[in-house]
Amino acid sequence: MAAVWQQVLAVDARYNAYRTPTFPQFRTQYIRRRSQLLRENAKAGHPPALRRQYLRLRGQLLGQRYGPLSEPGSARAYSNSIVRSSRTTLDRMEDFEDDPRALGARGHRRSVSRGSYQLQAQMNRAVYEDRPPGSVVPTSVAEASRAMAGDTSLSENYAFAGMYHVFDQHVDEAVPRVRFANDDRHRLACCSLDGSISLCQLVPAPPTVLHVLRGHTRGVSDFAWSLSNDILVSTSLDATMRIWASEDGRCIREIPDPDGAELLCCTFQPVNNNLTVVGNAKHNVHVMNISTGKKVKGGSSKLTGRVLALSFDAPGRLLWAGDDRGSVFSFLFDMATGKLTKAKRLVVHEGSPVTSISARSWVSREARDPSLLINACLNKLLLYRVVDNEGTLQLKRSFPIEQSSHPVRSIFCPLMSFRQGACVVTGSEDMCVHFFDVERAAKAAVNKLQGHSAPVLDVSFNCDESLLASSDASGMVIVWRREQK
């Protein structure tokens with residue numbers, strides 16, 4: 001029998017043809033996003049009676065809205081929709097009480113899986129155990145699969161029509177980081193080694209630079225959006241991190257590095273955005289409370305080299321950090337106190353800087369294990385499997401790119417579907433953006449975008465994958481438009 005979240009998705013998919021009949025692209029986007037939410041929330045246990053009740057109510061509401069279906073839905077389902085707080089990060093910063101036990105209870109929250117990585121992988125695999133040999137999609141949710149895939153192949157889905165816009169306000173200085181806002185199609189930010197950050201709006205046309213954030217006295221090495229997109233945190237070679245309001249571009253707070261060292265990377269704790277993790281040139285990782293501007297007690301640890309890359313798993317309980325000597329460390333993160341406990345170390349390649357780490361709990365229907373994507377100046381993009389709840393890594397495969405010296409980054413494509421295969425995207429020193437299918441045994445390259453005149457350092461998709469942004473070592477940012485099917 002299909003997993004309960006699949007049954008819910010199948011019911012939604014059968015009604016999908018009735019939604020916005022004049023806008024079929026919205027229907028595809030809706031069912032993809034619905035699938036993501038159901039998968040993310042399928043890991044928390046709920047009583048069978050509650051799940052049956054949810055499916056019954058869901059079917060009744062959809063039937064009242066669109067009319068009865070010719071075929072009855074499944075008998076069991078549940079969905080625990082993500083409900084975001086109406087209060088923003090700024091609201092929570094203003095009334096934050098300096099109580100270490102309150103750290104885990106404040107800030108933005110996401111649904112947190114309580115299972116181990118072994119259990120998560122087992123649940124992911126169990127979804128597909130009963131499918132017929134050689135089937136491209138699970139037969140029990142074939143309608144949902146077709147709705148999400150749009151009857152296109154992976155190569156067709158990641159075909160791009162050309163450039164949507166080119167931003168050149170940072171020309172002559174490298175742009176090491178470019179990021180779309182969370183769950184947003186048209187807001188984009190990028191940081192530059194000229195010491196500034198640009199906030200851009202792509203719609204309405206023409207695309208414009210809304211704000212240029214200035215204040216750092218040296219190059220900006222990294223930045224991150226908060227979950228609600230109301231603030232950004234940035235790190236700089238001037239040994240400070242800054243907190244910015246995205247609405248008007250003002251600097252809310254400047255926080256010096258506890259070691260007085262160059263700050264090289266940063267990331268928000270995904271469950272509690274009052275906490276930010278930074279990595280510096282003195283080999284240290286620090287958990288910082290941006291509401292108080294102080295380092296969290298017990299939230300520091302030392303690596304073997306300069307800390308270049310950071311990434312949390314989705315629940316925020318595991319943190320990986322990579323350094324310039326080729327090592328990746330995993331840390332257990334205490335949700336209540338912000339304390340870091342060093343767990344495992346992997347030497348990717350001695351002396352090869354780890355420039356990018358991206359974590360994903362579920363890549364595709366074939367790649368159902370939690371995974372890590374790593375760039376490490378080896379002329380390869382590396383895909384690892386996370387094998388336990390301490391963050392132990394096992395190499396799954398690699399993809400050929402050109403990277404021997406530049407801080408190139410890569411990402412998983414944000415949308416997941418039942419289409420066979422899944423894509424990862426990476427920059428490269430050959431001045432191209434590369435797409436790879438993680439499950440294709442031979443000829444894994446799916447697409448290659450050419451247009452940059454310098455090594456491509458970073459890539460970022462918007463929430464529905466209609467636009468892709470890439471930045472390079474000469475300061476150019478290109479926004480690519482996907483072909484409309």
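Me: How many of the 485 residues of the chain count as buried?

Reply: Buried means under 20% relative accessible area, with a 1.4 Å probe and protein chains only; over 50% is exposed, and in between is partly exposed. Here 56% of the 485 residues make the cut. Mind that this is a predicted model, where local features need pLDDT of at least 70, side-chain atom pairs count only at pLDDT 80 or more, and totals for chains, interfaces and linings use all residues. Residues are numbered from 1 along each chain as its sequence is written, and side-chain values use heavy atoms, leaving out hydrogens and water.

Me: Which helices and strands can I count?

Reply: Those are DSSP runs numbered from the N terminus: helices are H or I, at least four residues, and strands are E, at least two. The chain has 7 helices and 28 strands.

Me: Where does V328 sit, and why does V328 count as buried?

Reply: V328 belongs to strand 16, residues 327-333. It counts as buried because its relative accessibility is 2%. Contact means heavy atoms within 4.5 Å; beyond four places in sequence, V328 touches residues including W320, L346, I357 and L393.

Me: What about the largest nonpolar core?

Reply: In general, nonpolar side chains in soluble globular proteins tend to be buried together. A nonpolar core is a set of buried Ala, Val, Leu, Ile, Met, Phe, Trp, Tyr and Cys residues joined through side-chain atoms within 4.5 Å. The largest one has 18 residues, and V285, L310 and L319 have the most contacts inside it. Strands 11, 12, 14, 15 and 16 each give two or more residues to this core. Another core, of 16 residues, lies apart from it, with F160 and W480 among them.
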